[in-house]
Amino acid sequence: MNRAVLFFIGGAVCAANTLAANFDWPQWRGPDRTDVSKETGLLKDWPAGGPKRLWLYEQGGNGYSGPAVAGGKLFTLGTRDGSEVLLALDANTGKEILAAPLGGILENGWGDGPRGTPTVDGDQVFAMSGKGDMACVNIADGKVVWKKSMKTLGGKTPDWGYTESVLVDGDRVVCTPGGAQGAIVALNKKTGEAIWHSTDFRDGAQYSSLVPAKINGTPQYVQLTMQSIVGVAAKDGKMLWKSPFPGRVAVIPTPIVRDNLVYVAAGYSVGCRQLKIGPNNEVTTVYENKLMKNHHGGVILVGDYLYGHGDPGWVCQNFKTGEEVWNHRGFGKGAVACADGMLYCLEEGSGTVVLAEASPAGWKEHGRFKLDPQTKIRNPQGRIWTHPVISNGKLYLRDQDLIYCYDIKKG
């Protein structure tokens, strides 16, 4: 059966019929924002020293922005010449294609520069700077089509900067400026003008990226803030349901939604919670505990099991019951992604990468290596916080100015 795959002609994304599957990663946590790739045919064991490195790009500047991969190009955010910039590289060679300035550089004690991952949509890219300047950029020529400041939407820059990876949904771009005009806003993706504000939901912005969902048949956006877990209607931003959340210091991980169940986690001893949303938007807490105290390395759902760093230890948690399945404390805190039944775990302190089974049977490694070289420009309080990305047989990693690409395809 023919499938559509995207490729670039003159900078534009075009559709073509081909027998090859497309495993692009066009936004934060992948096509469906789960951080679980549907790609198969990847290495199940790594050779000593890890998989082959295909290329190393060394001009990314400061920042923790992750890669988005689409149409043979890799997009991320960095810094250059006193500005945060949108970068585009050839995903197969690492050759720079464009650098589009977005605005001034966020200065922060844990590291300067942008945090969010760009979102690729057709022949344009949408990205949020650390200071909260969102831009729509043409891929073909790097031209900024429009720009919108979160401040003009009522937002106030959080302590560690805006970290949200914006969502493109149909004809709109959805993001979380926070504040009195409405915590969540939908913008016309062609013009940047506001379509709606969530006027009955006005929490300040935190660091989580919202997810699209259909709960009990209603399209909506689910978001996590310091005070709330919330669902707002996709059509008009009206708050559908809300549950209080005891956030502390910073609330960062992206929510997970399956059917009418919503799972969230946070660090700083807060822990995790699962909610059930009833047919009339009544909210019931299924469980809450401190098993998954996830700081910002992310939690992923594979089958009926959750995986992430629980501070302390890497944790496998039963999604249905919230109970611990296993806890592995032999590998340090970090970020995780999943593909082809395997976990790709990146230790934030040492830069060690581990391939492990995504299995409730226990932690079982199938190879590891350490990023080399490592950046010389990272803030002393910073770590390797950019999440791993798996796309089209390649593993992409980042340490500030350094972006690495590894061959993880079988054969």
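Q: What makes the radius of gyration of the chain agree or disagree with that of a compact globule?
A: The radius of gyration is taken over C-alpha atoms, and the globule rule is 2.2 Å times the number of residues to the power 0.38. With 411 residues, a compact globule would come out near 22 Å, and the chain has 20 Å, so the value agrees with the rule. Along the principal axes, the C-alpha atoms fill a box of roughly 50 × 50 × 50 Å. The structure is a predicted model, in which local features need pLDDT of at least 70 and side-chain atom pairs count only at pLDDT 80 or more, while totals for chains, interfaces and linings use all residues. Residues are numbered from 1 along each chain as its sequence is written, and side-chain values use heavy atoms, with hydrogens and water left out.

Q: How many helices and strands does the chain have?
A: Helices (H or I, at least four residues) and strands (E, at least two) are DSSP runs, numbered from the N terminus; by that rule the chain has 0 helices and 35 strands.

Q: What share of the residues count as buried, and what share of the contacts joins residues 24 or more positions apart?
A: Buried means under 20% relative accessible area, exposed means over 50%, and partly exposed lies in between (1.4 Å probe, protein chains only); of the 411 residues, 59% count as buried. With contact meaning heavy atoms within 4.5 Å, pairs 24 or more positions apart account for 52% of the contacts that have a separation of 6 or more.

Q: Why is Gly-61 called buried or exposed?
A: Gly-61 has a relative accessibility of 13% and therefore counts as buried. Gly-61 lies in the loop between strand E4 (53–57) and strand E5 (68–70), and, not counting residues up to four places away in sequence, Gly-61 touches Thr-79, Ile-377, Arg-398, Gln-400 and Asp-401. The C-alpha atoms of Gly-61 and Val-85, 24 residues apart along the chain, are separated by 9.1 Å.

Q: Why is Ser-165 called buried or exposed?
A: The relative accessible area of Ser-165 is 2%, so this residue is buried. Ser-165 is found in the loop between strand E12 (144–149) and strand E13 (167–169), and, leaving aside neighbours within four places in sequence, the contacts of Ser-165 include Trp-28, Arg-33 and Gly-116.

Q: What are the phi values of Arg-29 and Asn-216, and which class of accessibility does each residue have?
A: Most residues other than glycine have a negative phi, and most peptide bonds are trans. Phi of Arg-29 is near 60°, and that of Asn-216 is about 55°. Arg-29 is found in the loop between strand E2 (12–18) and strand E3 (36–37), and its relative accessible area of 3% makes Arg-29 buried. Asn-216 is in the loop between strand E17 (211–215) and strand E18 (218–224), and with a relative accessible area of 38% Asn-216 is partly exposed.

Q: Is the peptide bond from Asp-372 to Pro-373 cis or trans, and what is its omega?
A: Omega is near 0°, and the bond is cis; Pro-373 lies in the loop between strand E32 (365–370) and strand E33 (389–391). A cis peptide bond also joins Asp-311 and Pro-312, with omega about 15°, and Pro-312 is in the loop between strand E26 (305–309) and strand E27 (314–318).

Q: What makes an empty space a cavity or a pocket, and how many cavities does a search of the whole structure find?
A: On a 1 Å grid over the protein atoms alone, a cavity is a set of points where a 1.4 Å probe fits but cannot get out, whereas a pocket is an open set with protein on both sides within 12 Å along at least five of seven lines, and lining residues have an atom within 4 Å of a point. Grid points are joined across faces, edges and corners, and a volume is the space filled by probe spheres set on the points. The search finds 2 cavities of 30 Å³ or more; the largest holds about 50 Å³, and the second largest has a volume of about 40 Å³. The largest pocket has a volume of about 620 Å³ and is lined by 30 residues, of which Arg-115, Thr-163, Ile-252, His-296 and Trp-385 lie nearest its centre.
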